[in-house]
Amino acid sequence: MLDDALLSPAHTTAARPPVDGPPVQAPPVRVRTLPGVYGPQTDSWLLAQALRREDLDGARVLDLCTGSGLLAVTAAMSGAADVVAVDVSRRAVLTARMNLRRNGARGAVVRGDLVHAVPDGDFDVIVSNPPYVPAEDDALPTRGQARAWDAGRDGRLIVDRICTEAPARLAPGGRLLMVHSHVCSADRTVELLEEQGLRAEVLLRRQLAFGPVMMSRARFLEQAGFVDADERHEELVVVRAERPGAADAAHGRAA
Ligand SMILES: C[S@@+](CC[C@H](N)C(=O)[O-])C[C@H]1O[C@@H](n2cnc3c(N)ncnc32)[C@H](O)[C@@H]1O
């Protein structure tokens, strides 16, 4: 059991709506993070907002790359029947378990690599805010905070794996929600998910100024052609994809 004294008050956060649009009824979510764990940021809140708009009643939800557990907690508090969260970081796993408890929410948190951490079962909803920031090489960090954002030269090492590995774990009619930056190509994400037989679209977009990580590698992003000269803002996108359900098959609708 962890002592709250280990928690950094600087990383205490309550849910707030990040985007314009119809209000979404949801109970407040409070999360804290252990040092070194990714505290909820705009991408996290944007994805939480998209998640709350889904019908989660009785749903089985898988949160890949859970970090603080914000999305797992959000799912559990929005009607999901069964929530499983996965992260490769030990501290993130402890943090997510703690935040589920803190919010009186039920869910399992497993340490491991994406869907391979949960070998059995299909899910109605898979949600993920993965690492997606382009880095100077393709060697993914095995420790430290950069594990939350470094994603290889094109920023897509983890995003591509989610696009190709997660669809097989969706139940018929199941939905995948993923957030990332436009710098690593929303079009490519939609294309890959459609290749897996899902119907995919960009659901939400949000412009924001570069945060500290993007700013620290702005010159590299320029030189590698991810952003224009002196461009210091990015667009976050939430991609939503749906696996056709039994009704689609019965009516002969294309995927
Ligand atoms: C950008 S953070 C997102 C945290 C949280 N879901 C949120 O939205 O605030 C990405 C997380 O992915 C985790 N991660 C990185 N590679 C992973 C992998 N192969 N399998 C599972 N988790 C991974 C990191 O440890 C980090 O906690």
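**Notebook: ligand shell, Leu-177 and the S4–S5 pair**

I began with the ligand and found that 23 residues surround it, the closest being Ser-44, Cys-65, Gly-67, Ser-89 and Asn-129. I then looked up which elements give two or more residues to this shell, and these are helix H2 (70-76) and strand S4 (82-87). Sorted by class, the shell around the ligand holds 14 nonpolar, six polar and three charged residues. I note here that this is a predicted model.

Next I followed strand S4 to its partner, and I recorded that S4 pairs in the parallel sense with strand S5 (residues 108-111), over four bridges. Within this pair I looked up Val-84, which stands opposite Ala-108 in S5. I also traced the connection and noted that S4, helix H3 (residues 90-102) and S5 make a right-handed β-α-β unit.

I turned then to Leu-177, which lies in strand S7 (residues 170-181). Is Leu-177 buried or exposed? I counted 23 other C-beta atoms within 10 Å of Leu-177, and because a residue with 20 or more such atoms is taken as buried, I entered Leu-177 as buried.

To see what surrounds Leu-177, I set aside its neighbours within four places in sequence, and I found Leu-177 in contact with Leu-47, Ala-50, Leu-51, Val-127, Val-238 and Arg-240. I checked one further pair, Leu-177 and Ser-128, which are 49 residues apart in sequence, while their C-alpha atoms are 6.4 Å apart in space.

Notes: Residues are numbered from 1 along each chain as its sequence is written. This is a predicted model: local features need pLDDT of at least 70, side-chain atom pairs count only at pLDDT 80 or more; totals for chains, interfaces and linings use all residues. A residue is near a molecule or strand if its C-beta atom, placed from the backbone, lies within 6 Å of it. Ala, Val, Leu, Ile, Met, Phe, Trp, Tyr, Cys and Pro count as nonpolar, Asp, Glu, Lys and Arg as charged, and the others, Gly among them, as polar. A residue is buried if 20 or more other C-beta atoms lie within 10 Å of its own, exposed if 12 or fewer, and partly exposed in between; C-beta atoms are placed from the backbone. Two residues are in contact if their C-beta atoms, placed from the backbone, lie within 7 Å. Two strands pair if DSSP finds at least two bridges between them. A crossover is right-handed if, with the strands pointing away from the viewer, the path from the first strand over the helix to the second runs clockwise.
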